[in-house]
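Please keep the sequence and the three-dimensional view open side by side while you read. The paragraphs below move from the meeting of two chains to single helices and then to single residues.

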Amino acid sequence: MDQPEILTPPPAQVVRVRGFVKQYKQHIAVSGVDLEIHKGEIYGLIGPDGAGKSSLMKAIAGVLTYEGGTVEVFETMIDTERSAERVKQRLGFLPQGLGLNLYPDLSVDENIDFFARLRLVPERELAERKARLLAMTRLDKFRARAMKNLSGGMKQKLGLICTLIHEPELAILDEPTTGVDPVSRRDFWAILAELLQERGMTVLVSTAYMDEAERFHRLSFLSSGKVLASGTPEEVHALVPGSMVTFEATPQLEAISRLKTGCTQVEALGPVLRVFTDDTNPVSAAQAITSYLGDIEPRQLHVDKLDLEDVFVALLLRETDQPPPSPELPTASVSSANHSLAIEAKELIRDFGTFRAVDRVSFQVKPGEIFGLLGANGAGKTTVIKMLNGILPPTGGEGWVAGEDMKTAGGAIKERIGYMSQAFSLYLDLTVEENIRLFAGIYGLDRRATNERFAWIVSMAGLQGYESSLTVRLPMGVRQRLALGCALVHQPRVLFLDEPTSGVDPIGRRHFWDILSRLAREEGVAILITTHYMSEAEHGDHLALMYAGRIVAEGSPAAMKAQVEREAGQLLEIVTDQPGLALRQLERAGFAGIALFGAKLHLLSRDPAHDEVRIRESLASDGLRVLGAAIRPLSLEDVFVHRVMALERRDRETTKGAAA
Amino acid sequence: MKPADRLVVWCRRLTVMTRKELVQLLRDIPLMAFLIYSFTLSVYVTGNGIQTQLRNAGLLVYDADRSLSSRELVSRFHLPYFRFDGELIHADEGFRRLDRGRSMMVLDIPARFHEALVSGEPTAVQLLVDTTNAPQGLSAAGYAARIVGQFGQESILARNGLTASSSAPVPMIVSDHRVWFNQDQNETWFESISHLLRMITIFAVLLPAAALVREKERGTVEQLLVSPLTPVQIMLPKVVAMTLMILGATAVALFGVMQPIFGVPIRGSLALLFSLTALFIVATAGIGVFASTVTKNQAQVGMMTLLVVAPILLLSGIFTPMETMPAWVQYLMALSPLRYFIEIATGILLKGVGFDMLWSQALAMGVVGASLFGFGLWRFRRQFQ
């Protein structure tokens, strides 16, 4: 057969890794990874904590020795410190952790100057690049502010500037978006895309979040030090044929248990069920699901393509060759659930000095409901939780938790709530059993109750076999379930979860959510959860979005999406061969709010049919081809970004108006 | 809840939290190694090594006389106090040797020294002493003066046909002293006891402070604050656990090193000693609790401990007696629990006195400790508001 593309030269390789092995004492972190990164692409490493992403990236950046295989960067073998030094000038490396490479007491300006001078950037170029990058990141107003006073998203953008100030040919970014709010994340990707386009930079970036995978040109999915899949997102998709069937069904728990007899992935998102089937034909896929359900009638049934996350979960399940852990929620003697509200906040206010962190926040959570509190860092979520937990007295307003007034009955509230924080707050130097027994004692359980709850937690969280392991040695997913178990030791009626799923692998995350929805549905526990990972917020029954201390939008995930669709239109996805150029051409033509996802462009359109024609015309005039256009369902992330951007715009206009 | 139930729950909380602290401490290998070293090897080395008495002072001699008398005088500077470092050929070489610092003193004996003594003329010897280390230098000079004086007296008596033993007809005052409590004047006893007290003080501040700040550092304190524990219930178990730990270490030092190796006597009541040691640890722990409220991580706690503990150790009367310090330091040190505990510990161990003699010290220590502890607790509560 002829090869029609024989004229295109093979892509220049920036990085070539063969059979890479990294060992930490006895522990093999990475075993036999191959990787090739072409010039000018964004290459993604995806995988949970401990998959080996950081080790691989550090070795490529020349800051970590390794035990086996070869690492070539810019055709230089990175095997000694001297050879690593030879390519370092052409590299930029952003280590993991929010702003960890920056100096907290230096200002934005001083941090950038320091990194530029370290890299011997000429002063004139420095001034020009700094101005451009600061404008792109919208940090130019904060030049004199000390780094430690920036928000998480701003710190990470500053970290990116400092990594890129010497215009490296290869940027290595280790989990740059972990802990960053959706709007800052979108900014972050836009900056990368633009630099890629302008300077022909190559980027290697890692993330623990599967929903970012669509942004990469090519990617490798790592798990326990091995590559499970790699290629373009389309190629990875092709590895797992199948489709995702979503529908509502009642009673939900009965539906789930029927589906689990035949389906490997069943997930409950609030009232909605998502079920994976390996059938690609929509009609027969739907039929298969209906037959499992028997006499339960599915409502609003859709058959969709798989998300990359679904693909990864399927690959992981195939790899581990284990049935998905199905949490047995052992029955516990439930105290008579009263049907009043679990949480009620009325006009809550909290001031810190002159700064109003929480401004007249009101909401209600019913028993058995999963309530999601969303918002960027500093929006006031944590302050609301602290007030409801009785750690922080409110400046104004009132609230009731588990039937008690938070102003007068702080002690009683603490006995009735469970709380689990981002850090999982376990004692890492204690064993699983010691942790559980400690918290049982703290909540005043006697020996019999402690033994009973210990058994319940072990079976609920699937901790069998881990009882006497030190917590520090547990995988993140197990640690997370242990923390949940400790928070549930005294059978609280209300559970607070503050960003509970960072760093957990997709299967672990699904297992965790399985437990949560069972707790809510079966035991009637009210759950309040904060997160800025929007794929997670889809699990909530009811969501409230906070911005600058206020609740600015509220409703079920579906209602929130529908509202944005009514206000701003549907999500139009354009696939083109030169997305970077296309993005700029369309912005010149007057389209606003376009986001770049790998080779695709996303924008909201009130009149998709008409806009599609306009876009095709506009791009054609520039000689750019449109390979495809489709209307995609809105994600909660789109909702979040749309809302927050609109509010930020309004704030800017009012401050401008005030200044004028 | 009934009050009795409430008490049961309160005790249960205290027990589980205390057990947790002990388990965590036992698993903290570097800290445990430091603790064990401090109460065993370090007590042994310090007890053996630190000597405030004059030992091995290097002596150089410039003997211009080279006579019977000069050799007799030189021979009286002997070990263990003085070490003979050799004779000088030239007098001015002495300064160079002192500058170099190997030797501590130069004894310069003039020509005609013997003749003068025999003929009954007045004569003098010169002694050059390096007093860079003032206490050692001064005591060397004092010893030397006594030796020379004694030698002079004896030569006078000898000239008059008398010997030191048959000095009866000459009127003179004989000073005779009797040593109590430590008859052998064994310095090892006091040095090892005072080192033990130093270690107790350091760990009484460091351990609770480190345990509290570790909870802050790792974010686990957040979890404790949303639980029904009160600040006292968070803090108290740490103090209890650390007190038990330090008491254990003290027993190891006392019965494992000081008593069998140095023969330190334990003359008083052991029960009294350990209960007052516990009181001292709790009193001092208040400082540690305070330190934990003004620091963010373990490294800062380490430095803070050094900063707070150093003046307490230096000025509470272990290294130098309280009575020699300026009045304001004495008033300030009334706030240091260690100031009272030194007298309690030496009193029980060496003098064998009981509570009837020590109650005022114990009371003062209790009052100071209660105020320090109260202050620490107040700071600890406040930081979470």
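In this predicted model, 18 residues of chain B are in contact with 19 residues of chain A, where two residues are in contact if their C-beta atoms, placed from the backbone, lie within 7 Å. On the side of chain B that touches chain A, the helices α1 (3-27) and α9 (220-226) each supply at least two residues, and the largest share, nine residues, comes from α1(B). Helices here are DSSP runs of H or I with at least four residues, strands are runs of E with at least two, and both are numbered from the N terminus. Sorted by class, this side of chain B has seven nonpolar, six polar and five charged residues; Ala, Val, Leu, Ile, Met, Phe, Trp, Tyr, Cys and Pro count as nonpolar, Asp, Glu, Lys and Arg as charged, and the others, Gly among them, as polar.

As for the conventions, residues are numbered from 1 along each chain as its sequence is written, while chains are lettered from A and ligands numbered from 1 in the order in which they are written. Since this is a predicted model, local features need pLDDT of at least 70 and side-chain atom pairs count only at pLDDT 80 or more, whereas totals for chains, interfaces and linings use all residues.

The helix α1 of chain B appears again when we turn to α13(A), because α1(B), together with α14 and α15 (476-487) of chain A, is included in what covers the buried residues of α13(A). Of the 11 residues of α13(A), 10 are buried, so this helix is largely enclosed by the rest of the structure. A residue is called buried if 20 or more other C-beta atoms lie within 10 Å of its own, exposed if 12 or fewer do, and partly exposed in between, with C-beta atoms placed from the backbone. Among the buried residues of α13(A) are A:Val432, A:Glu434, A:Arg437 and A:Phe439. Just after this helix, A:Gly444 takes a positive phi of about 75°.

How does α13(A) pack against α14(A), and at what angle? Helix α13 (residues 432-442) and helix α14 (residues 447-460) of chain A pack at about 135°, with their axes 10 Å apart; axes are lines fitted to C-alpha atoms, for helices over the stretch in contact, and angles run from 0 to 180 degrees between N-to-C directions. That angle makes α13(A) oblique to α14(A), given that angles under 35 degrees count as roughly parallel, over 145 as roughly antiparallel, 65 to 115 as roughly perpendicular and the rest as oblique. From α13(A), the residues A:Ile436, A:Arg437 and A:Ala440 meet A:Thr450, A:Arg453, A:Phe454 and A:Ile457 of α14(A), and the residues of this contact divide into four nonpolar, one polar and two charged.

A second helix pair is found in chain B, where α8 (residues 187-218) and α11 (residues 270-293) pack at an angle of about 45°, with their axes 7 Å apart. These two helices are therefore oblique to each other. The contact is made by residues including B:Ala204, B:Pro208 and B:Leu212 of α8(B) and B:Ile281, B:Ala285 and B:Gly288 of α11(B). By class, the contact has 13 nonpolar, five polar and no charged residues.

Among single residues, A:Phe276 lies in strand β13 (residues 272-277) of chain A and is buried, with 23 other C-beta atoms within 10 Å. Leaving aside its neighbours within four places in sequence, A:Phe276 is in contact with residues that include A:Gly242, A:Met244, A:Asp310 and A:Ala314.

Finally, some loops contain backbone features that are worth finding in the view. A:Phe74, in the loop between β4 (68-73) and β5 (76-77) of chain A, has a phi near 50°, a positive value in a residue other than glycine, and counts as partly exposed with 18 C-beta neighbours inside 10 Å. A:Ser224, in the loop between β9 (218-223) and β10 (226-231) of chain A, has a positive phi near 45° and is partly exposed, with 19 other C-beta atoms within 10 Å. In chain B, the peptide bond from B:Leu79 to B:Pro80 is cis, with omega near 5°, and B:Pro80 lies in the loop between α4 (68-75) and β2 (82-87).
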